[in-house]
Amino acid sequence: MIQEVLFGSVVEIDLEVTKEWYSRGNEWGCDCAHCRNFLALARKKQFPQQIKELLEKFGIRPEQATYVCQLYDDAEGHHYQFSYRLAGNLVRKSEFTISAENIGQCCHEIYPYGAPDFPEPHFDLEFYLTLPWVLDEPDQ
């Protein structure tokens, strides 16, 4: 395992196990309009560079989120929460407040929606982003 500091949290990551699980090619499976919008952006890698670099380091394609939720809409766009599961341990969790500079955290997502068979132990990289609507259909 490698030890790193991610978003202020100290974590141990089993890179081999993480990459093996994501090599299966699973994509987020919900087909509601908001999730299809997320997937369209993810497939085009239209995320901040920081997220793209982290995911690439761990062998994860952006469309392989293990949890996606569109939280709300406002004049800025569509606010999403989404996660990627990593094999390893959350050694020390940092305090977290969402801001323009702080878009992610390490945590334990209780819902295994996109990763029910993920090996133990594990933790989640959780992100909060405001994304545009890119589908050729109205958001619902």
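The following exercises, each with a worked solution, concern a predicted model.

**Exercise 1. The nonpolar core**

Determine which residues of the largest nonpolar core touch the most other members, and which element gives the most to this core.

*Solution.*
Step 1. The largest nonpolar core has 35 residues. The members that touch the most others are Leu 6, Phe 38, Phe 47, Phe 82 and Tyr 84.
Step 2. At least two residues of this core come from each of β2 (9–13), α1 (15–22), α2 (33–43), α3 (49–57), β4 (77–92) and β6.
Step 3. With six residues, β4 gives the most to this core.
Step 4. As background, nonpolar side chains in soluble globular proteins tend to be buried together.

**Exercise 2. A salt bridge between a helix and a strand**

Find the salt-bridge partner of Lys 57, and classify Lys 57 as buried, partly exposed or exposed.

*Solution.*
Step 1. The structure holds seven salt bridges. In one of them, the side chain of Lys 57 meets that of Glu 4, at 2.5 Å from N to O.
Step 2. Lys 57 belongs to helix α3 and Glu 4 to strand β1 (residues 2–6), so that the pair links distant parts of the chain, 53 residues apart.
Step 3. A residue is buried under 20% relative accessible area and exposed over 50%, with partly exposed in between. Lys 57 has a relative accessibility of 39% and is therefore partly exposed.
Step 4. Glu 4 has a relative accessible area of 16% and is therefore buried.

**Exercise 3. Two salt bridges of helix α2**

Identify the partners of Arg 43 and Arg 36, and state how many residues apart in sequence the parts tied together are in each case.

*Solution.*
Step 1. Arg 43 forms a salt bridge with Glu 27, and their closest N and O atoms are 2.6 Å apart.
Step 2. Because Glu 27 lies in the loop between α1 and α2 and Arg 43 in helix α2, this pair ties together parts that are 16 residues apart in sequence.
Step 3. Glu 27, at 34% relative accessibility, counts as partly exposed. Arg 43 is also partly exposed, with a relative accessible area of 45%.
Step 4. Arg 36 forms a salt bridge with Glu 137, and here the closest N and O atoms are 2.5 Å apart.
Step 5. Because Glu 137 lies in the segment after β6 and Arg 36 in helix α2, the parts tied together are 101 residues apart in sequence.
Step 6. Glu 137 is partly exposed at 28% relative accessibility, and Arg 36 is partly exposed with a relative accessible area of 30%.
Step 7. Glu 20, Arg 24 and Asp 117 are joined into one network by salt bridges that share partners.

**Exercise 4. Surface patches**

Name the residues of the patch of negative charge and those of the nonpolar surface patch of about 360 Å².

*Solution.*
Step 1. The patch of negative charge gathers Asp 73, Asp 74, Glu 76 and Asp 139 on the surface.
Step 2. Asp 139 is placed in the segment after β6 (122–131). Its relative accessibility is 31%, so Asp 139 counts as partly exposed.
Step 3. The nonpolar surface patch is made by Ile 110, Tyr 111 and Tyr 113.
Step 4. Tyr 111 is located in the loop between β5 (104–107) and β6. With 38% relative accessibility, Tyr 111 counts as partly exposed.

**Exercise 5. Backbone geometry**

Locate Phe 7 and Lys 45, and state which residues are joined by a cis peptide bond.

*Solution.*
Step 1. Most residues other than glycine have a negative phi, and most peptide bonds are trans.
Step 2. Phe 7, a residue other than glycine, has a positive phi near 50°. The place of Phe 7 is the loop between β1 and β2, and Phe 7 is buried, with a relative accessible area of 18%.
Step 3. Lys 45, not a glycine, has a positive phi of about 55°. Lys 45 lies in the loop between α2 and α3 and counts as partly exposed at 43% relative accessibility.
Step 4. The cis peptide bond joins Glu 120 and Pro 121, with omega about -15°. Pro 121 is in the loop between β5 and β6.

**Exercise 6. A contact across the sequence**

Give the distance in space between Ala 115 and Arg 85, C-alpha to C-alpha, and decide whether Ala 115 is buried or exposed.

*Solution.*
Step 1. Ala 115 is found in the loop between β5 and β6.
Step 2. Ala 115 and Arg 85 are 30 residues apart in sequence, and their C-alpha atoms are 7.5 Å apart in space.
Step 3. Ala 115 has 2% relative accessibility and therefore counts as buried.

Key. Residues numbered from 1 in each chain as written. Predicted model: local features only at pLDDT ≥ 70, side-chain atom pairs only at ≥ 80, totals over all residues. Heavy atoms only, no water. Patch = residues over 30% accessible without salt bridge, like charges linked within 9 Å, V, L, I, M, F, W, Y side chains within 5 Å. Areas by Shrake-Rupley, 256 points an atom, 1.4 Å probe, with all protein chains shown as cover. Salt bridge = Lys/Arg side-chain N within 4 Å of Asp/Glu carboxyl O. Lys, Arg positive; Asp, Glu negative; His and termini not counted. Charge placed at Lys NZ, Arg CZ, Asp CG, Glu CD. Helix = DSSP H or I, 4+ residues; strand = E, 2+ residues; numbered from the N terminus. Buried < 20%, exposed > 50% of the residue type's maximum accessible area, 1.4 Å probe, protein only. Core = buried A, V, L, I, M, F, W, Y, C linked by side-chain atoms within 4.5 Å.
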